[in-house]
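Let's take a friendly walk through a protein structure together. Keep the view open beside you and look up each residue as we come to it.

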Amino acid sequence: MGNKGNLGYLIFLWATLVAVVAMATAQRPFERTKGINGLEKIIVRDDRGRSFEVYLYGGQVASWKNEKGEELLVMSSKAIFKPPIPIRGGIPILFPQYANTGPLPSHGFVRQRFWEIDTNPPQLPSNSYYKAWVDLILRSSQDDLKIWPHKFEYRLRVHLGTEGDLILTSRVKNTDVKPFNFTMALHPYFSVSDISEIQVDGLQNLNYLDQLKNRTRFTDHDKTITFKSQFDRIYLSTPNDIRIVDKKKQKTIVVHKEGQVDAVVWNPWEKKVEDLGTEDYRRFVTVESAAVEKPITVNPGQEWKGILQMSVVPSSLSSRKLDVKKVMHSSSY
């Protein structure tokens, strides 16, 4: 009996240890390590080898890979990983001001701040759509309040879906005693075979502001967007789904957004950009989820929520509807 009792106790201890390890793994499904120039980054992988990396500086996604290890985002070959310089490439967060549309420095300041891992994030949903994720948070500092006098919390959840799609969920909470307005964009540099071989679908017959012509308003009557020179437009009141068709790769990047009604399409072509390699423009296009024309208002104690979901599918399947309800409606986040 004594030996059986000891064996039972050892089995109990072993089971308890396994459960604790499993819980710890479930709560921290990422690796925290040093990136370029010693800047801290988080590496997140799922059980099929898909992954993403996000730097705490800027809360900036810098890599998104599929199960074959193919990179789906582009980092500038001349990206400068030295704060306070913003990082060129990946998915910069432009908040609380898009470009030079207000009194703040261009594109706001959160891409030049050090974010933290959120140790008390909203609860994860009970479904299986969340495969691998990380939660980050940025709270306004005293220095921030000197240039933008509004207290806020910006929560960012980055996660991989079951199909390898990358989803960024933003939550901006007003922790002040007065309302504030902001404009913003998430600015992904999507990897493409060649900028001259792609097209962007879903924005035809829409009004846009041409940023190469002092944001003059026009209407786009073309069926698709193609690229033969510098391109920089803010499309207004856009559909939730926009598609980047890469003819050479025979793949389509589906950009789904919620909570941001505008979309920015940009490629600098051969225009000199200080921290962008001379030939880098050939390798990427940006299609951004944005709120520019009509600023978002958040009242005290309230929060705004936005979704950016990015998927890569064979072009033959690009017309299918994404199951975004799994993200928006099954999630308590």
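**A walk from strand to active site**

Our first stop is Val245, which counts as buried because its relative accessible area is 15%, under the 20% cut-off for that word. Keep in mind as you look around that this is a predicted model.

Where does Val245 lie? You will find Val245 in strand β16, which covers residues 241-246. Now see what surrounds this residue. Setting aside residues up to four places away in sequence, Val245 touches Glu197, Ile198, Gln199, Asp201, Lys251, Thr252 and Ser315. Pick out Asp201 from that group: Val245 and Asp201 are 44 residues apart along the chain, and their C-alpha atoms are separated by 7.5 Å.

Asp201 also leads us to our next stop, since Asp201 is one of the residues that line the largest cavity. Rolling a probe the size of a water molecule over the atoms shows where empty space is left. How many cavities of 30 Å³ or more does the structure hold? The count is 1, and the space in the largest cavity is about 30 Å³. Along with Asp201, the lining is made up of Val200, Gly202, Leu203, Gln204, Asp222, Lys223, Thr224 and Ile225. By character, these lining residues divide into 3 nonpolar, 3 polar and 3 charged.

Next, turn to a pair of strands. Strand β3 (residues 51-55) and strand β4 run antiparallel, and 5 bridges join them. To see the pairing for yourself, find Glu53, which stands opposite Ser63 in β4. The two strands form a hairpin with 4 residues between them, and in the turn Gly58 has a positive phi of about 85°. Is β4 mostly covered or mostly uncovered? Strand β4, residues 60-65, is mostly covered, with 5 of its 6 residues buried.

Our last stop comes from a database record. An unreviewed UniProt entry places the feature "active site" at His187 and Glu288. These two positions span 102 residues in sequence, yet their C-alpha atoms are no more than 4.9 Å apart, so they gather at one spot.

Take a closer look at His187, which sits in the loop between β10 (180-186) and β11 (189-191). His187 is buried, because its relative accessible area is 9%. Which residues is His187 in contact with, leaving aside its neighbours within four places in sequence? They are Gly90, Ile91, Pro92, Leu94, Trp266, Thr286 and Glu288. Among them is Glu288, the other position in the UniProt feature.

Technical notes: Residues are numbered from 1 along each chain as its sequence is written. This is a predicted model: local features need pLDDT of at least 70, side-chain atom pairs count only at pLDDT 80 or more; totals for chains, interfaces and linings use all residues. Side-chain values use heavy atoms; hydrogens and water are left out. On a 1 Å grid over the protein atoms alone, a cavity is a set of points where a 1.4 Å probe fits but cannot get out, and a pocket is an open set with protein on both sides within 12 Å along at least five of seven lines; lining residues have an atom within 4 Å of a point. Grid points are joined across faces, edges and corners, and a volume is the space filled by probe spheres set on the points. Ala, Val, Leu, Ile, Met, Phe, Trp, Tyr, Cys and Pro count as nonpolar, Asp, Glu, Lys and Arg as charged, and the others, Gly among them, as polar. Buried means under 20% relative accessible area, exposed over 50%, partly exposed in between (1.4 Å probe, protein chains only). Contact means heavy atoms within 4.5 Å. Two strands pair if DSSP finds at least two bridges between them. UniProt positions are given in the numbering used here, feature names are shortened, and annotations may be inferred rather than shown by experiment.
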